[in-house]
Amino acid sequence: VTDPLTERLSGWQRRVESELRAWLPADTAMPERLHAAQRYSVLGPGKRIRPALVYATAETLGASSGLVDAPACAVELIHAYSLVHDDLPAMDDDDLRRGRPTCHRAFDEATAILAGDSLQVLAFKLLASHPGGPADAATRVRLIDILADASGTAGMAGGQALDLAAEGRSLTVAEVERIHALKTGALIRASVLMAAHCAPRSDADALRALGEFGAAVGLAFQIQDDILDVEGDAALRGRPAGSDAARELPTYPAVAGLAAAKARVAELHERAARLLEERGWGAGPLAELAAWLLARRR
Ligand code: IPE
Ligand code: IPE
Ligand code: MG
Ligand code: MG
Ligand code: MG
């Protein structure tokens, strides 16, 4: 009998959090303020959905959790850095994140910029040197390559640039989907792909299916995030509702309407589920996790 998803999720959360706590420099070490800002930004109450996707993919492919601790931490570190910079006055200018002041509010802007910079490089350091990771150097280089692509101009940073350039302009649905796929989809897809590359028995077809699965879930995840900004519970989310509309950010509901946004999430979820079913993974942890992610309220 396997545990219900909620128990496995909290197991994965505890696992990645204890790894992150151990790898992040102590805030008693110099420069104390920067280390405190790093720890504040990473160890706050996040959902850890990218690490959960790493662990669920590893489980699906028969790889141990220990083998994928490095990519689980690495993707969460890139995510945390992306949020710290996303909240800066030059970007979304948000004061609240995960129910607490954003990094630049709790510390200061320069510290927040440096916290983001240093979290980003820590992610790549872990892929290079975490002792639990894949033994062969070629696999480690592959993981670094996947995460670099997903974080850079062909991924998160590129999507953030397009997102900001679109502020106040009217976009087509296709343009919004492209931004969402880059700014959020790429890291979610990379979570699944990095775990798949660690598993000894993943063939080219499995990698293709998992890549498409990750892209579908990633796009749907950002559309759901936009939906929650319109009709979500501010207390549950730990941030005020309506901040996207206030900033005229290019969101899916703003461009296509709320009903179309919800229909698109359902359609992408169906596609993701079908990709898993075709590989015989329709009842496993990845399918359960995808369903949970896309029905979430926070
Ligand atoms: C928020 O991501 C930003 C997006 C990319 C949509 P999450 O909803 O995963 O944020 P945390 O980590 O749980 O706070
Ligand atoms: C976040 O998009 C995407 C990132 C790469 C950080 P949002 O700007 O919608 O994320 P939230 O709503 O602030 O978490
Ligand atoms: Mg943003
Ligand atoms: Mg934002
Ligand atoms: Mg948002």
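**Contacts, burial and metal sites in a predicted model**

Me: Which residues does Thr 111 touch, and what makes these contacts?
Reply: Thr 111 touches Arg 33, Leu 34 and Ala 37, leaving aside residues up to four places away in sequence. Contact means heavy atoms within 4.5 Å. This is a predicted model, in which local features need pLDDT of at least 70, side-chain atom pairs count only at pLDDT 80 or more, and totals for chains, interfaces and linings use all residues. Residues are numbered from 1 along each chain as its sequence is written, chains are lettered from A and ligands numbered from 1 in the order in which they are written, and side-chain values use heavy atoms, with hydrogens and water left out.

Me: Why is Thr 111 called buried?
Reply: Thr 111 has a relative accessible area of 10%. Buried means under 20% (exposed is over 50%, partly exposed in between, with a 1.4 Å probe and protein chains only), so Thr 111 counts as buried. Thr 111 lies in helix 6 (residues 109-129); helices are DSSP runs of H or I with at least four residues, numbered from the N terminus.

Me: What makes helix 3 roughly parallel to helix 9?
Reply: The axes of helix 3 (residues 49-60) and helix 9 (residues 173-198) come within 7 Å and cross at roughly 30°. Angles under 35 degrees count as roughly parallel, so helix 3 is roughly parallel to helix 9. The axes are lines fitted to C-alpha atoms over the stretch in contact, and angles run from 0 to 180 degrees between N-to-C directions.

Me: Which residues of helix 3 and helix 9 make the contact?
Reply: Among them are Ile 49 and Leu 53 of helix 3, with Ile 188 and Val 192 of helix 9.

Me: How do you know that Asp 86 and Asp 92 are donors of the magnesium ion (ligand 4)?
Reply: Their OD atoms lie 2.0 to 2.1 Å from this ion. Donors are N, O and S atoms within 2.8 Å of the metal (3.2 Å for Na, K and Ca), so both residues qualify. For the magnesium ion (ligand 3), the protein donors are again Asp 86 and Asp 92, at 2.1 to 2.2 Å. Asp 86 bridges the two ions, which lie 3.1 Å apart.

Key: Helices (H or I, at least four residues) and strands (E, at least two) are DSSP runs, numbered from the N terminus. Angles under 35 degrees count as roughly parallel, over 145 as roughly antiparallel, 65 to 115 as roughly perpendicular and the rest as oblique.
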